[in-house]
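Ready for some practice in reading a protein structure? Take a moment with the sequence and the 3D view, then work through the exercises below.

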Amino acid sequence: MSTFHMAFRIDEIESTRRFYGDLLQCRQGRETATWIDFDFFGNQISAHLGPRPDWKLETMVDDTAVPLNHFGAVVSWQEWEQLHRRLQHAGVPFILEPQVRFVGMPGEQATFFVSDPSGNALEFKAYRHEDAVFER
């Protein structure tokens, strides 16, 4: 797979550095007074200062409302469990509590949603069988 780049808005640099750098343990890249980059599980994310939107979109997934605008990472099952525990220990509230979906099916997956300090929704998931990521 190729590395992707994604830019998104934040409220301020320091809380973003603590969340992505310290808590999620993403290596920091370049930085200016108005943006900061991180190695987000092998991908480049660029957090830019900007105004917070006055709307929030949601969509339904299996009868559960989830943030429509979100990004995240697919990690190993063990890494997902470690992330879950680290975020829980840090007191980060879950938008969608950790759960396992599609139990016993080819696409069995563990998932949870959290927000960064600027209100950006992130989803972390792991597949029981890593080759099932794109199975239909």
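**Exercise 1: A histidine and its surroundings**

His84 touches Phe94, Pro98 and Phe112, leaving out residues up to four places away in sequence. Keep in mind that the model you are looking at is predicted.

*Task.* Find the helix that holds His84, and decide whether His84 is buried or exposed.

*Solution.* Step 1: look along helix H2, which covers residues 77–89; His84 is found there. Step 2: take the relative accessibility of His84, which is 18%. Step 3: compare it with the cut-off, since buried means under 20%. His84 therefore counts as buried.

**Exercise 2: Ordering a sheet**

*Task.* Work out the strand order of the four-stranded open sheet, and explain why E7 and E8 each have one side without a neighbour in the sheet.

*Solution.* Step 1: trace the strands across the sheet, which gives E7-E10-E9-E8, with mixed pairing. Step 2: look at the edges, where strand E7 (70–74) and strand E8 (94–101) each have a single partner strand, so one side of each is left without a neighbour in the sheet. Step 3: follow the twist, which averages 15° from one strand to the next. Step 4: pick out E9 (residues 109–115) and E10 (residues 121–127), which pair in the antiparallel sense over seven bridges. As a check, Gln109 has Tyr127 in E10 as its bridge partner. Step 5: add the helix from the first exercise: H2 lies across E8, E9 and E10, and runs at about 30° to E9.

**Exercise 3: Into the core**

*Task.* Say how many residues the largest nonpolar core has, and name some of those with the most contacts inside it.

*Solution.* Step 1: the core has 28 residues. Step 2: those with the most contacts inside it include Tyr20, Leu87, Val114 and Phe124. Step 3: ask which elements contribute; among those supplying at least two residues each are H1, H2, E9 and E10. Step 4: zoom in on Val114, whose contacts beyond four places in sequence include Phe19, Leu87, Ile95 and Leu122. Step 5: turn to H1, where the buried residues include Phe19 and Tyr20. A general idea fits here: in soluble globular proteins, nonpolar side chains tend to be buried together.

**Exercise 4: A hairpin**

*Task.* Find which residue in the turn between E5 and E6 has a positive phi.

*Solution.* Step 1: strands E5 (residues 58–61) and E6 (residues 64–67) run antiparallel, joined by four bridges. Step 2: Met60 stands opposite Ala65 in E6. Step 3: two residues lie between the strands of this hairpin, and Asp62 in the turn has a positive phi of about 50°.

Conventions:
Residues are numbered from 1 along each chain as its sequence is written. This is a predicted model: local features need pLDDT of at least 70, side-chain atom pairs count only at pLDDT 80 or more; totals for chains, interfaces and linings use all residues. Side-chain values use heavy atoms; hydrogens and water are left out. Buried means under 20% relative accessible area, exposed over 50%, partly exposed in between (1.4 Å probe, protein chains only). Contact means heavy atoms within 4.5 Å. Two strands pair if DSSP finds at least two bridges between them. Axes are lines fitted to C-alpha atoms, for helices over the stretch in contact, and angles run from 0 to 180 degrees between N-to-C directions. A nonpolar core is a set of buried Ala, Val, Leu, Ile, Met, Phe, Trp, Tyr and Cys residues joined through side-chain atoms within 4.5 Å.
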